[in-house]
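Me: I would like to learn how to read a new structure, step by step. Could you walk me through one?

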Amino acid sequence: MNNMGDVNHTADCGVKYYTMDEIKSRNVSKEAWVVIHDKVYDITGFLEEHPGGEEVLLEQAGSVATESFEDVGHSTDAREMLTQYYIGELHMDDRKKGSTTEALITTSADGSSTWTTWLIPAIAAVVVGVMYRYYMLEHKSS
Ligand code: HEM
């Protein structure tokens, strides 16, 4: 029970969570970490191998590189390479919030809009039907 000192960083399933403060200090060629899609990668050993050069990686080291990584349009091979450097997850407090609440809002708005979009044409159809009936009756009597 003595080796529970690391419990703050380790979730139940054994995944490590890092805060941005820890990641920020890993921005030198001796130790370079980046965050891509909320996952933390230790790319120290990859700097010299990177086809896009060491400089661009060092510029991003110690920070969130998701946008730069996506802007380049990296190949599937490049995405698969990421797994070799995976060391853990970005701490929940440092993640960008918003995507889940947005999804909830869209779902509830969707429900009410289908109801109204269905009702308006139905009323219009009834009105047209009644008007047509009157028109036919008038036409017959004259
Ligand atoms: C840490 C994870 C990264 C890995 C594993 C990785 C891997 C690769 C690979 C395999 C290529 C060759 C082309 C391809 O297969 O898409 C490449 C090219 C490139 N990468 Fe990365 N990359 C990483 C991060 C980044 C970041 C953060 C940037 C931007 C700042 C970047 C900028 C570039 C550029 C500019 C090229 C050259 C594209 C070209 O010449 O067409 N890479 N990278």
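Reply: Below we go through the fold, the iron site, the ligand's surroundings and a few single residues. This is a predicted model, in which local features need pLDDT of at least 70 and side-chain atom pairs count only at pLDDT 80 or more, while totals for chains, interfaces and linings use all residues. Residues are numbered from 1 along each chain as its sequence is written, and side-chain values use heavy atoms, with hydrogens and water left out.

Me: How many helices and strands does the chain have, and in which pattern do they follow each other?

Reply: Helices (H or I, at least four residues) and strands (E, at least two) are DSSP runs, numbered from the N terminus. Here you will find five helices and six strands. Going along the sequence, they come in the pattern β-α-β-β-β-α-β-α-α-β-α.

Me: What share of the residues is buried?

Reply: Burial is read from relative accessible area: under 20% is buried, over 50% is exposed, and partly exposed is in between (1.4 Å probe, protein chains only). In this chain of 142 residues, 21% are buried.

Me: Now the metal. Which residues are the protein donors of the iron atom of the ligand?

Reply: Donors are N, O and S atoms within 2.8 Å of the metal (3.2 Å for Na, K and Ca); water is not among the atoms, so sites may look incomplete. For this iron atom, the protein donors are H50 and H74, each through NE2, lying 2.0 Å from it. These two histidines link distant parts of the chain, being 24 residues apart. H50 sits in the loop between β4 (39-42) and α2 (54-60), and H74 in the loop between α3 (66-72) and α4 (76-85).

Me: Are the two histidines buried or exposed?

Reply: H50 counts as buried because its relative accessibility is 14%. H74 has a relative accessible area of 21%, so H74 is partly exposed.

Me: What is the geometry of the site of the iron atom?

Reply: Six donors count as octahedral if opposite donors are over 155 degrees apart and all others between 65 and 115; four count as square planar under those limits, or as tetrahedral if all angles lie between 85 and 135 degrees, and anything else is irregular. This site has six donor atoms with angles of 87 to 180 degrees among them, and is octahedral.

Me: How many residues surround the ligand, and which are the closest?

Reply: A residue is near a molecule or strand if one of its heavy atoms lies within 4 Å of it. There are 17 residues around this ligand, and the closest are H50, L57, H74, S75 and L82.

Me: Which polar side-chain atoms lie close to the ligand's own atoms?

Reply: A polar contact is a pair of N or O atoms within 3.5 Å; within protein, one must be able to donate a hydrogen and the other to accept it, and residues adjacent in sequence count only if both atoms are side-chain atoms. H50 has a polar side-chain atom 2.8 Å from a nitrogen atom of the ligand. For H74, an N or O atom of the side chain is 2.8 Å from a ligand nitrogen. The side chain of S75 places an N or O atom 2.5 Å from an oxygen atom of the ligand. In the shell around the ligand, α2, α3 and α4 are the elements that give two or more residues.

Me: What does phi tell me about H37 and D38?

Reply: Most residues other than glycine have a negative phi. H37 has a positive phi near 50 degrees, and D38 has a positive phi near 65 degrees. H37 lies in the loop between β3 (31-36) and β4, and D38 is in the loop between β3 and β4. H37 is partly exposed at 45%, and D38 is partly exposed at 28%.

Me: How far apart in space are E67 and I36, and D94 and T19?

Reply: Compare separation along the chain with the C-alpha distance. E67 and I36 are 31 residues apart in sequence and 8.2 Å apart in space. E67 lies in helix α3 and is exposed, at 60% relative accessibility. The C-alpha atoms of D94 and T19 are 6.4 Å apart, with their positions 75 residues apart along the chain. D94 is in the loop between β6 (86-90) and α5 (99-141).
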